[in-house]
Structures are given as C-alpha cells and as structure tokens.
Amino acid sequence: MSESKHKQNTIGLNSIAVHTGTIHDAFGGVNTPIQPSTAIEYLSSNGNIPYPRNFNIPNHEAVSKKIAALEGGESAIVLATGMSAIAAGILAIAKPGDHILMQNNIYGGTRAFVELLREKHNINVTLITSMTPDSLAQSVTNETVLVYLETPTNPLLEIIDIALITQWAKDNGILTMIDNTFASPVNQRPFELGCDIIMHSATKYMGGHSDLMAGALIGTAVYIEKCRKISAIYGMSLNAVDLSLLERSIKTIGVRVNQQNANALEIAEWLSKHPGIAKVHYPGLQSHPGHDIAKRQMSGFGGMMSFELAGNDMEYRNDFLQKLRMISVATSLGGVESTMTIPAQTSHNLLTSEERALLGITDMLIRFSVGIEDAQDIIHDLERALQ
Ligand SMILES: *Cc1c(COP(=O)(O)O)cnc(C)c1O
C-alpha cells in the first residue's frame, strides 16, 4: 500500500478533499481499502498496539490526515460523534478546579455537557451572553484555561468575531477552541484567525449525506495525542466502515458546500421579500447584524439559515411544514437534501416559551438546512407551502 503522492497544503481545498490521506491498495485501487479487522498482528508494532479503539487503523489514518489538511492543522483525530469530540477535546485541556469561558447560545448537546463538567468534573464554566473582549475580561479568572466558541450559532446564525476573541485569549495566555460545524472548512478557516483547536460534528457537512455519525478534533500533534489517550479509554472510536464512508463523503465537500452557499443566498433573498415571512436570519444578507464580520472571516455564508413565519399562528406554521413536498421536516443538518426543524420543538424544547423568547427563539422560527437540489425547485416548494 502506498500513500497518494500529493503533499498537503501545497494544493487547494478540493484537491486535498479528494487526495490527501488516501491509501492506494496493493492492487492499484484509488480508494483506501476498508480494514475492519479487530485482531491485527502486533509483533512488529513497537508498542503502538494496533486495535481500532486505539485510533491506529488505516481507515482512521487516511481520513484523519485528510481532515487535518482541510483545516490546515498539524494533526487530527476522528471520533464516533461530534459530542465525543467535544468531550475529549475539553477533557484533554481542563482538570478539576479549572475554568472555561463559553458563549451561552451554544449547541444544545454542548450545553448539556457543561452541566456534566460542573457536576462530575468540578470544572467551572461561565456562559457569556455576548462574546466580546470586554465580557470575557469581566468573567476571566486565574483558573481560566479555555475560551470555547461557536459561530455561526444555532439556530439564529449569530456571528462572533473570531480574530478579536482569539487575540484577547492569546494576550491572556488562554487556549481557544471552536466548533466549526456550521461553516465547514470550506467557508471558515479558524486556524488562520488564531484559533488553537478546531472541532467538528462530521455528522453534518463532512458526512454530508445524512447517513453517518462522526466527530473530529484538529490541533497540534501533542494536543491530538492527549485527546487520543482519553478517547481510547472512553471508547470513542469510529468503526472502519463509517471511517471509509466519511472519507468518501469528504471528497465532495467543496462542491457540495459551494452549491449550498449559492442556494442559501438565493433562497434567503427570496424569503426576505416574501410577505408571509417576518424575518430571515442569514449572515449573507446585508440586513444581518453580523454580515460585515461574516464577510471578513468567511469565504461563503453557508447552507444554514432560519426564518420566522409572519403572525403567531402555530396551526399556520404546522400547515406550512405539512405542505412541503421536497423539503423534509427532519433532525440534523448539512446533508445534500434540504431539511427543516422547529427549534422550539427540537434543540430548545427543554426551555419554556419565555426562556426561548429571551434568546430570540419564537414558536414561528424555522431552521433551514439548505441542500444541493436546484434552487428553483426549493423555492417552488416554499412558494407552494406558503400559499
Ligand atoms: C450536531 C452538532 C454537534 C454534535 O454532533 P453529533 O455528531 O450529533 O454528536 C455539535 N455542534 C454542532 C454545531 C452541531 O450541529
């Protein structure tokens, strides 16, 4: 077996997506062969005992190299889910007594993990309403070891100025970690904006076909090795078949996400002119409060948006969703197919209506993951359902 000859970082993102990490098989096949064995000869392994749970099988090596190169990082690890990446990534940094600064409008699973950090690990987390150097300076302590970011946010697509936050963290000797799931490496390059660690739910845009779960962490080789040790103990590894599926899927991430960027921009503009729509949250729109920052730090505005139907009639909302034909009302995001969710029913269903209102999440808010279908067909589906 031999590695594809292309060197990382000297080639463009689409070439990395297709070639980097690929292990050609002995037969000359251009795809990394699936190696599902759990019993692997080890006498010549020099202490690095080959076992899938140790993250050292060929399918892990191939896809983790690809992901590291996509983000321009030194090393990467691919885990069973995005949540396992968040857990391992944070536990590799923080110990009992330490303190973390995090925004309050974080992904729901991450928010639940914060409770676990507090209760089981004695790691203190301050949730900040507005991520600015001033608000961070007000909450920082001598024990602060990490600033944890997520932008664009779910479901309102709020934008945080990454370079501003990482500069503040650097000045204060604190590490930064970002959840780059919504933007994907195609649209946002956090290492170039000063972040130390990047995390992905690879279930979303990296997988891209709504048929696998995975997570990824990208950082220095020393840091990723710490994550690997923790993840091996907790048993957070992904099996060879799904690693192979993920590797195959990432090859098209550039073409998929670019199509989603174009579709979403066209659809957001169309929705914002429709009388049945009260508000559209999409960073590509000039009316979006984070538009200028997004323009600076993103190369595309992404395939995620949310919008509020006019009025306050939940029957009308449900009727609208029922009438959709091509667009599915379904969990998750980032797939080739367009999907919608009602955040009040899904990601934020544990909050009261009043608590949601404080966050700006109304009952009429719909989150929209725009797929790669033809924009005109998506618009027709919306148009029919809005009548
Ligand atoms: C889905 C998601 C996660 C969690 O990933 P899983 O693969 O579902 O474990 C984390 N962050 C964001 C932004 C997500 O959308």
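## Aromatic pairs and the ligand site

A search of the whole structure, which is a predicted model, finds three aromatic pairs. In one of them, the ring centres of Tyr282 and Phe301 lie 6.5 Å apart and the ring planes stand at 75 degrees, so the pair counts as edge-to-face, the class for planes over 60 degrees apart. This pair links distant parts of the chain, since its two members are 19 residues apart: Tyr282 belongs to the loop between strand S10 (277–281) and helix H11 (291–297), whereas Phe301 belongs to the loop between H11 and strand S11 (304–309).

The ligand, for its part, sits in the largest pocket, where 15 residues surround it, the closest being Met83, Asp179, Ser201, Thr203 and Lys204. Sorted by class, the shell around the ligand comprises seven nonpolar, five polar and three charged residues, and helix H3 (residues 82–91) gives the most to this shell, with three residues.

Three of the closest residues, Met83, Ser201 and Lys204, place an N or O atom at the following distances from an oxygen atom of the ligand.

| Residue | Part of the residue holding the N or O atom | Distance to a ligand oxygen atom |
|---|---|---|
| Met83 | backbone | 2.8 Å |
| Ser201 | side chain | 2.8 Å |
| Lys204 | side chain | 2.8 Å |

Taken on its own, the ligand has 380 Å² of accessible area, of which the protein covers 94%.

Methods
Residues numbered from 1 in each chain as written. Predicted model: local features only at pLDDT ≥ 70, side-chain atom pairs only at ≥ 80, totals over all residues. Heavy atoms only, no water. Near = heavy atom within 4 Å. Polar contact = N/O pair within 3.5 Å; in protein donor to acceptor, adjacent residues only side chain to side chain. Areas by Shrake-Rupley, 256 points an atom, 1.4 Å probe, with all protein chains shown as cover. 1 Å grid on protein atoms, 1.4 Å probe; cavity = no way out; pocket = protein on both sides within 12 Å on 5 of 7 lines; lining within 4 Å. Sits in = over half its atoms within 2 Å of the grid points. Helix = DSSP H or I, 4+ residues; strand = E, 2+ residues; numbered from the N terminus. Nonpolar A, V, L, I, M, F, W, Y, C, P; charged D, E, K, R; others polar. Phe/Tyr/Trp six-rings, centres within 6.5 Å; stacked < 30°, edge-to-face > 60°.
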